[in-house]
Amino acid sequence: IIKSNITDSKFYGVTPENYKLTGLAIQQIGALIKKNPITYMGPDVGGLALCCQNINIIDSALLTNKTLAHKGYSYFEDVLRKEIPDVIETHEVWAKVSKIYELKYFTNNYAPIIFNKNLFWLHIKHIKNSRNLVFKKIKPSEIPSDTRYFTDIQDIVNIKSNYKFIYLVE
C-alpha cells in the first residue's frame with residue numbers, strides 16, 4: 001500500500017498548487033491500481049498538467065477536449081463512454097453544467113471514494129479488481145469536513161441522496 005505524504009488539504013483556489021495536490025493523489029491511485037498512466041477526467045487541469053507526467057488528462061471544462069469543445073455538454077456522456085476515465089473529479093459548477101450526476105453511464109460505472117482527503121469517482125472495475133486498495137465503507141454523514149471537492153450543495157445532496165456508503169481508501 002502506498003501512503004500519501006500530503007497532509008494539508010486546505011483549499012488553495014483554482015491555482016496550480018491546488019491542482020498539484022489533486023494530481024499527486026491521482027498518480028498515487030494509478031500506482032495502487034497498477035495503471036500507468038492513469039486516465040483522469042476533471043476541470044481546472046492546468047496545474048495538474050504541470051506537475052504530473054503519469055496522467056492522461058481529459059478536460060471536462062470544454063477547453064482542451066476536441067469533442068466537448070466543439071459539441072458541448074450534450075456529448076459529455078459519449079466522451080465518458082469512449083474515454084472511460086479511471087478517475088473523475090467533479091464539483092460545483094462543473095457537475096451542474098455537465099449534468100454528470102444524472103448520466104446513466106456515470107452512475108452505473110463510478111463510485112465515490114475519498115483518497116487523501118479528496119472526493120473522487122473511481123471506475124468500479126478498479127474497486128472490484130484491485131488488491132492494493134484497502135477500503136473502509138463510511139456513511140455519507142461520516143465524510144470528513146475537510147474533504148476537498150465536497151463543498152457545494154449539489155455535490156453533498158447527490159451523495160447523501162444516492163449513496164448508502166462511500167469508499168474511504170485507507
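Visitor: Which residues is Ile29 in contact with, leaving aside its neighbours within four places in sequence?
Guide: In this predicted model, Ile29 is in contact with Ile38, Val87, Ile113, Phe115, Phe120 and Leu122. Contact here calls for heavy atoms within 4.5 Å.

Visitor: What makes Ile29 stand out in the largest nonpolar core?
Guide: That core has 47 residues, and Ile29 is one of those touching the most other members, together with Phe106, Ile113 and Phe120. Two of these, Ile113 and Phe120, also appear among the contacts of Ile29 just listed.

Visitor: Why is Ser60 called buried?
Guide: Buried means under 20% relative accessible area. Ser60 has 4%, so the word applies.

Visitor: Where is Ser60, and what is around it?
Guide: Ser60 sits in the loop between β2 (55–59) and α3 (66–71). Beyond its neighbours within four places in sequence, Ser60 is in contact with Met41, Gly42, Pro43, Leu68, Tyr73 and Phe76.

Visitor: How many helices and strands does the protein chain have?
Guide: There are 8 helices and 7 strands.

Visitor: How do you know that the chain is as compact as a globular protein of its length?
Guide: Its radius of gyration is 15 Å, and the globule rule gives 15 Å for 170 residues; the two values are close, so the description fits. The C-alpha atoms fill a box of roughly 40 × 35 × 30 Å along the principal axes.

Visitor: How much of the chain counts as buried?
Guide: Of the 170 residues, 49% do. As for the outside, the chain exposes about 8,900 Å², with carbon and sulfur atoms supplying 51% of that area.

Methods. Residues numbered from 1 in each chain as written. Predicted model: local features only at pLDDT ≥ 70, side-chain atom pairs only at ≥ 80, totals over all residues. Heavy atoms only, no water. Core = buried A, V, L, I, M, F, W, Y, C linked by side-chain atoms within 4.5 Å. Buried < 20%, exposed > 50% of the residue type's maximum accessible area, 1.4 Å probe, protein only. Helix = DSSP H or I, 4+ residues; strand = E, 2+ residues; numbered from the N terminus. Rg over C-alpha atoms; globule rule 2.2 N^0.38 Å. Areas by Shrake-Rupley, 256 points an atom, 1.4 Å probe, with all protein chains shown as cover.
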